[in-house]
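Reader: Could you take me through one part of this model up close? I'd like to start from a single aromatic side chain and work outwards, with the numbers as we go.

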Amino acid sequence: MLPALKPIMMRDRVSMIFIEYGQIDVVDSAFVVIDKNGVRTHIPVGGVACIMLEPGTRVSHAAAALAARVGTLLVWVGEAGVRLYASGQPGGARSDRLLYQAKLALDDTARLKVVRKMYEFRFGEKSPERRSIEQLRGIEGARVRKMYELLAQRYGLKWDKRQYDPNNWDRSDLLNKCVSAANACLYGITEAAVLAAGYAPAIGFIHTGKPLSFVYDIADLFKFTTVVPVAFHVAARKPQEPERAVRLACRDIFRREKTLERIIPTIEQVLAAGEMQPPTPHEEAVPIAIPNPESIGDVGHRS
């Protein structure tokens, strides 16, 4: 008898792949992409953190179900992956971490401690004392703008500000397109890691009120050590297909820097700064009818 299938841990997976102009289905129990000529391309879906679905892609019910079972996030993106439209949430198998995250976010003191830890992680120094979250957000914004300017100087590029029109993408300048494409790659794998660990993408600490607020919080911790320098480097070379060049470069740096392996431990580290214990089940809580079997996957994965 073969052992039961177990999800591969998030840190051991390939970060992402992009699919366009194909029908995604399950054939002979395998996740495949079928092109217009009927050619099948097999994808080891269980070993991928997230799959970016570009325009011209259709996904069958069986494929979406298989991706959910193995904990692979499906993300619908715009052409060249420069915009995120929606995601097929594989979800977590437990709620304790979600409740822990919400408890920290609802407590003003704990939330400020988490934000200060994020600031320290991002800039390598303690945040200024006696500053509110709004004030820290303003300080962070000023430092980020300066980092963009320094990168532009390093690569000999003209940089005005971070701007683009999602409704008229072709009018965006090359550099902003590259930065947007790079950010989309980082947001995809970050959301996959957040969901795999059992947290809620919408419950943020610095960013609030958006479906991916927590994803933006965590992605910002890695942005200027991974994808933003990649975007500037690619823009300086002016390739014929800049978005594709950015995606390939992001894939390589994720592998080289072991970004996917670092995201979940970083989440746990910054949330621990709130100095709260995860909530314990209520004494009157009804025990689960079918306990989750032991799994080699991450805590939030379904077995």
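Author: Let's start at F222, which is buried, with a relative accessible area of 0%. Keep in mind that this is a predicted model.

What does F222 pair with? Its ring partner is F121, in an aromatic pair that counts as edge-to-face, with 6.0 Å centre to centre and 65 degrees between the planes. Those two values are what you want here, since a pair of aromatic rings is described by the distance of the centres and the angle of the planes. The pair links distant parts of the chain: F121 sits in helix α3 and F222 in helix α6 (residues 213-223), 101 residues apart. F121 counts as partly exposed, at 26% relative accessibility, whereas F222 is at 0% and buried. This is one of nine aromatic pairs in the structure. Elsewhere, Y148, W159, F224 and F232 make up one aromatic cluster.

Now look at what else touches F222. T259 has F222 on its contact list, along with I189, T226, I253 and F254, once neighbours within four places in sequence are left aside. T259 belongs to helix α9 (residues 259-272), and T259 is buried too, with a relative accessible area of 0%.

Back to helices α3 and α6, this time for the charges. D220 forms a salt bridge with R122, with the closest N and O atoms 3.9 Å apart. D220 lies in helix α6 and R122 in helix α3, so this pair ties together parts that are 98 residues apart in sequence. Mind the cut-off if you're scripting this: a salt bridge needs the nitrogen within 4 Å of a carboxyl oxygen, and the R122 and D220 pair comes in at 3.9 Å. Both D220 and R122 are buried.

Which other side chain does R122 meet? E140 does the job, in a salt bridge of 2.3 Å, N to O. That one runs from R122 in helix α3 to E140 in helix α4 (residues 133-155), 18 residues apart. R122 and E140 are both buried. Put together, R122, E140, D220 and K223 are linked in a network of salt bridges. The structure holds 12 salt bridges, and another of them joins R251 to D252, at 3.3 Å between the closest N and O atoms. There the setting is partly exposed: R251 is at 31% relative accessibility and D252 at 30%.

Staying with helix α3 (residues 108-123), you'll also find R111 there. R111 is buried yet has no salt bridge; D108, the nearest side chain of opposite charge, is 5.4 Å away. Leaving aside neighbours within four places in sequence, R111 is in contact with L104, A105, I133, R137, F205, I206 and T208.

Arginines turn up over rings as well. R143 lies over the face of F123, 4.4 Å from the ring centre, and the charged end of R247 sits over the ring of F18, at 4.0 Å from its centre.

Last stop, the sulfurs: how many disulfides does the structure hold? Zero. The sulfur of C50 is 8.5 Å from the closest cysteine sulfur, in C185, which is too far for a bond. C250 is in no disulfide either, and the nearest cysteine sulfur, again that of C185, is 4.3 Å away. C50 is buried at 0% relative accessibility, and C250 is buried at 0% as well.

Terms used: Residues are numbered from 1 along each chain as its sequence is written. This is a predicted model: local features need pLDDT of at least 70, side-chain atom pairs count only at pLDDT 80 or more; totals for chains, interfaces and linings use all residues. Side-chain values use heavy atoms; hydrogens and water are left out. Helices (H or I, at least four residues) and strands (E, at least two) are DSSP runs, numbered from the N terminus. Buried means under 20% relative accessible area, exposed over 50%, partly exposed in between (1.4 Å probe, protein chains only). Lys and Arg count as positive and Asp and Glu as negative; His and the chain ends are not counted. Contact means heavy atoms within 4.5 Å. Rings of Phe, Tyr and Trp (its six-membered ring) pair if their centres lie within 6.5 Å; planes under 30 degrees apart count as stacked, over 60 as edge-to-face and the rest as tilted. A charge sits over a ring if NZ of Lys or CZ of Arg is within 6 Å of the ring centre and within 35 degrees of the ring normal. A disulfide is a pair of cysteine sulfur atoms within 2.5 Å.
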